[in-house]
Amino acid sequence: MPRSPTDYVNSVKDGRVVYYRGKRVDDITTHPVISIAVRHASDLFGVKERLYEDPNYGLVSKYFRIPRNTNDLLDRYKLIYEDTLRFDGLFNIVQAIGSDALFSLMIIAKKVDKRYGTNYYSRVMKYYEHVVRNDLAMAVAQTDVKGNRAKRPHEQEDKDMYLRVVEVRDDGIVVNGAKIHTTQGPVANEIIVLPYRALVENDKDYAVAFAVPANTKGLKFIVRPVLEYDGNPNAVNAASRFEVEALIVFDHVFVPWDRVFMFREWDLAGQLAWTFATYHRFTAISYRAATANLYLGASLYAARANGIENAPHVRDWLVQMIMYKEVLSMGAMAAALEPWIDEGIAIPNPVYTNVSKLYANAHFIDVVHGLIDIAGGLIATMPSHDDYANTEERQYISKYLRGAIDGDTRYKIMSLVRELGASHLMGYLLTAMIHAEGSEVASKIGMLREYNYKEAEELINRILNKIKI
């Protein structure tokens with residue numbers, strides 16, 4: 001049954017353990033910072049376009065539609081793209097990432113069952129039905145804190161540097177450790193945990209996948225700091241719409257067997273991690289293509305405000321931004337057009353997905369560069385909102401900040417541009433665009449692992465056979 005925004009907000013008032021800036025948060029829905037992430041997530045549940053009539057479950061979220069073919073993947077790309085535009089150019093992750101994980105678990109659970117005679121697939125599908133019928137918000141905890149990167153999980157001085165099984169009981173398992181970078185974890189209903197990397201047999205205690213409610217005993221969320229905005233928390237785009245990340249501590253968390261989807265099957269942990277990464281990078285290029293509109297549009301408005309819309313350097317920057325946006329859109333569509341079908345489920349083409357994701361990683365800084373160059377140094381030095389709100393000062397700000405348009409409109413435009421190009425948000429986004437959904441190195445590894453060299457090799461072999469020496 002589809003939930004309303006109010007239903008979702010009420011569902012996260014559940015006693016979960018959340019800390020922000022050194023203090024326990026009693027109610028995340030009323031906290032001055034975390035409540036913004038709650039409201040952002042809640043907006044997804046007010047979008048009628050996200051729903052469709054499923055033959056098995058009735059009216060449910062399109063995010064949970066299992067992709068079987070090209071059309072399903074294209075529809076998923078469009079859903080993520082259009083929802084990102086609905087939310088002011090900022091991604092809303094709370095059902096996209098969880099479904100990325102669920103599709104991956106469906107595929108790998110069948111493989112594990114075939115190899116070991118387990119019953120993981122039935123557990124995954126039972127959990128999937130629970131999520132779909134209750135229209136839940138999810139977060140995925142995959143990235144371990146990793147400790148010494150030069151050592152494997154079992155070689156770490158502190159064995160908890162990767163999340164691991166520490167106790168096996170008749171009714172389930174107990175896990176200990178932590179996961180980091182978990183977007184919207186503090187405001188999700190469910191936390192899905194996946195292995196981070198390929199493992200060897202000595203790492204088998206780290207080969208674990210499961211799901212737990214966010215208020216599970218022993219689960220603790222330490223939320224990243226969000227810096228204050230410039231005097232007016234509702235004046236510009238992301239001040240009233242952002243997501244939070246957390247370090248999630250699993251302090252001897254009990255997981256019942258029916259929610260365990262991998263347990264010590266170390267040889268398939270890497271494949272699960274890779275499959276999820278492919279889906280999630282497809283999600284990344286889909287939403288980043290939409291987010292590019294935020295920078296393209298802000299640059300265009302800044303150019304018009306400054307009276308330089310037709311300047312050669314501005315046109316060059318706009319071309320680069322258009323290329324960035326459209327390369328990502330084309331990459332997502334190409335990945336959908338030539339999917340891999342595994343266990344009856346369509347996986348976005350890994351090569352096209354990783355090529356596009358790598359392009360997004362490498363060139364976002366160029367988009368920001370263009371925005372700053374077009375807008376000018378004013379975005380770093382302009383008066384604050386508090387100054388603008390003071391009627392005595394405002395008359396001067398309005399007069400002297402005019403450009404090709406009136407000073408009030410230009411101040412509003414430059415306030416948005418300042419947030420996108422010269423604020424703490426910019427530093428956050430720059431880091432996220434390089435590392436979120438997998439770093440540049442991760443995308444390169446994924447691309448090289450899956451690329452088929454056969455065509456290139458056959459071409460060179462044919463030429464070599466023609467050479468007479």
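1. Let us start with one side chain in this predicted model. Trp340 is partly exposed, with 32% as its relative accessible area. Trp274, by contrast, counts as buried because its relative accessibility is 14%, and the limit for buried is under 20%.

2. What kind of aromatic pair do Trp274 and Trp340 form? Searching the whole structure gives 14 aromatic pairs. In the one formed by Trp274 and Trp340, the ring centres are 5.9 Å apart and the planes make an angle of 35°, so the pair is described as tilted. Have a look at where the two residues sit: Trp274 belongs to helix α6 (residues 269–306), while Trp340 belongs to strand β13 (residues 340–342). With their positions 66 residues apart, this pair links distant parts of the chain.

3. Now turn to Tyr324 and Phe364, which form another tilted pair, at 6.5 Å centre to centre and with 50° between the planes. This pair, too, links distant parts of the chain: Tyr324 is in helix α7 (residues 312–337) and Phe364 is in helix α8 (residues 350–375), 40 residues apart. Are these two rings buried or exposed? Tyr324 is buried at 2% relative accessibility, and Phe364 is buried as well, with a relative accessible area of 3%.

4. You can follow the rings a little further. Tyr324 and Phe364 belong to a cluster that also takes in Tyr295 and Tyr359, linked by ring pairs. Tyr295 will come up again in point 8.

5. Rings can also have a charged group over them, and here are two places to find this. Arg65 lies over the face of Tyr52, 4.1 Å from the centre of the ring. Over the ring of Tyr301 sits the charged end of Arg304, at 5.6 Å from the ring centre.

6. For the strands, try tracing the open sheet of 6 strands, whose order is β2-β1-β10-β11-β7-β6 and whose pairing is mixed. Which strands are at the edges? They are β2 (23–24) and β6 (164–169), each of which pairs on one side only. The partner of β6 is β7 (residues 172–179), and the two run antiparallel, with 5 bridges. One residue pair to look for is Glu167 with its bridge partner in β7, Val174.

7. Next comes the largest nonpolar core, which has 95 residues. Ile191 and Ile192 touch the most other members. Helix α4 (residues 96–116) gives this core its largest share, 11 residues. Both domain 1 (5–267) and domain 2 (272–458) supply at least three residues each. If you select Ile192 and set aside its neighbours within four places in sequence, its contacts include Gly98, Leu102, Leu105, Tyr127, Met138, Val140 and Phe210.

8. Apart from that core lies another one, of 50 residues. Among its members are Tyr295, Ala311, Leu401 and Ile413. Tyr295 is thus a good residue to click on, as Tyr295 is also part of the ring cluster in point 4.

9. Finally, step back to the whole chain, which is divided into domain 1 (5–267) and domain 2 (272–458). How far apart do the C-alpha centres of the two domains lie? They are 25 Å apart. Where the domains meet, 51 residues of domain 1 are in contact with 41 residues of domain 2.

Terms used
Residues numbered from 1 in each chain as written. Predicted model: local features only at pLDDT ≥ 70, side-chain atom pairs only at ≥ 80, totals over all residues. Heavy atoms only, no water. Phe/Tyr/Trp six-rings, centres within 6.5 Å; stacked < 30°, edge-to-face > 60°. Helix = DSSP H or I, 4+ residues; strand = E, 2+ residues; numbered from the N terminus. Buried < 20%, exposed > 50% of the residue type's maximum accessible area, 1.4 Å probe, protein only. Lys NZ or Arg CZ within 6 Å of the ring centre and 35° of its normal. Pairing = 2+ DSSP bridges. Core = buried A, V, L, I, M, F, W, Y, C linked by side-chain atoms within 4.5 Å. Domains from an automatic or database assignment. Contact = heavy atoms within 4.5 Å.
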